Amino acid sequence: MKTDIILAGVGGQGILSIAAAIGSAALTNNLYLKQAETHGMSQRGGDVQSFLRLSDTPIYSDLIPMGGADLILSVEPMEALRYLPYLKPNGYVVTNTVPFINIPDYPEEQSVIAKIESLPHHVLIDADGIAREEVSNVRASNFVMLGAASPFIEIPFDYLAAGIEAIFNRKGQEVVDMNLKALHAGREFALRYAAGK
């Protein structure tokens with residue numbers, strides 16, 4: 001088993017929390033893990049990216065080669081496009097449809113979505129809307145995204161849920177429950193989305 005994941009987004013969107021939850025789940029599942037992060041100007045809305053490499057055998061590099069990613073999980077649609085050269089031909093792109101427009105020449109939104117829709121394996125999800133409606137907190141949209149990507153990560157779903165519990169326990173049960181609800185809502189959406197294709 002080997003899964004190479006690229007997490008992509010913009011500062012403040014919770015990319016590092018997603019990485020922490022997956023990392024905790026991988027270690028609990030006795031998997032090897034390598035991680036590399038780029039924060040850029042994250043506090044000023046710059047891009048944030050994390051490479052996660054999971055395997056049941058030792059991993060010798062924390063970088064994912066071009067054409068080597070099994071999954072791009074992006075909490076911002078244009079950031080998904082940035083990493084497409086890394087995607088395997090049969091890899092999945094799971095992205096939020098809500099743009100974070102932080103530059104004056106942000107591409108036309110529909111053209112970004114159309115490019116993702118042209119890919120053979122993708123899930124487009126309004127994670128912000130689902131977080132707002134299902135959890136009453138748009139800040140949980142990152143874990144809606146993790147839930148939507150969970151069918152394509154070779155870690156049992158219960159371990160991902162336990163990863164969220166592990167990183168948020170210190171903040172109290174209410175925060176844990178909110179993020180778990182977001183995780184389940186994202187997974188349910190992705191399973192319906194895949195069934196409808």
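**A walk from the sheet to the helices**

In this predicted model, Leu-73 stands opposite Val-94, a residue of strand β5. The wider setting of that strand is the pairing of β4, which covers residues 69-74, with β5, which covers residues 87-96: the two run parallel and are joined by 5 bridges. In general, the strands of a sheet pair through backbone hydrogen bonds, and they may do so in a parallel or an antiparallel way.

Stepping back from this pair, the reader can find an open sheet of 6 strands, whose order is β2-β3-β1-β4-β5-β6 and whose pairing is mixed. Strands β2 (32-38) and β6 (122-125) stand at the edges of the sheet, and because each has a single partner strand, one side of each is left without a neighbour in the sheet. From one strand to the next, the twist averages 15°. Helix α1, formed by residues 15-28, packs on the sheet, where it touches β1 (2-10), β2, β3 (47-55) and β4, and the direction of α1 makes about 10° with that of β3.

The next stop is helix α5, residues 141-149, which is mostly covered, with 9 of its 9 residues buried. Among these buried residues are Phe-143, Val-144, Met-145 and Leu-146, but also Ser-141, Asn-142 and Gly-147.

Further along the chain, helix α6 (residues 157-168) and helix α7 (residues 173-195) pack with their axes 9 Å apart and at an angle of about 150°. Angles over 145 degrees count as roughly antiparallel, and α6 and α7 are therefore roughly antiparallel to each other. The crossing in which α6 passes α7 is right-handed. On the α6 side, the residues that meet the other helix are Phe-157, Leu-160, Ala-161, Ile-164, Glu-165 and Phe-168, while α7 brings Val-175, Val-176, Asn-179, Leu-180, Leu-183, His-184 and Arg-187 to the contact. Sorted by class, the contact of α6 with α7 has 9 nonpolar, 2 polar and 2 charged residues.

One residue of this contact deserves a separate look: is Asn-179 buried or exposed? Asn-179 lies in helix α7, and because its relative accessibility is 3%, whereas buried means under 20%, Asn-179 counts as buried. Leaving aside residues up to four places away in sequence, Asn-179 touches Ala-140, Phe-143, Ile-164 and Phe-168. Of these, Ile-164 and Phe-168 are in α6 and take part in its contact with α7, whereas Phe-143 is one of the buried residues of α5, and in this way Asn-179 of α7 touches residues of both of the other helices.

Terms used:
Residues are numbered from 1 along each chain as its sequence is written. This is a predicted model: local features need pLDDT of at least 70, side-chain atom pairs count only at pLDDT 80 or more; totals for chains, interfaces and linings use all residues. Side-chain values use heavy atoms; hydrogens and water are left out. Axes are lines fitted to C-alpha atoms, for helices over the stretch in contact, and angles run from 0 to 180 degrees between N-to-C directions. Helices (H or I, at least four residues) and strands (E, at least two) are DSSP runs, numbered from the N terminus. Angles under 35 degrees count as roughly parallel, over 145 as roughly antiparallel, 65 to 115 as roughly perpendicular and the rest as oblique. A crossing is left-handed if the near helix is turned anticlockwise from the far one by less than a right angle, and right-handed if clockwise. Contact means heavy atoms within 4.5 Å. Ala, Val, Leu, Ile, Met, Phe, Trp, Tyr, Cys and Pro count as nonpolar, Asp, Glu, Lys and Arg as charged, and the others, Gly among them, as polar. Two strands pair if DSSP finds at least two bridges between them. Buried means under 20% relative accessible area, exposed over 50%, partly exposed in between (1.4 Å probe, protein chains only).
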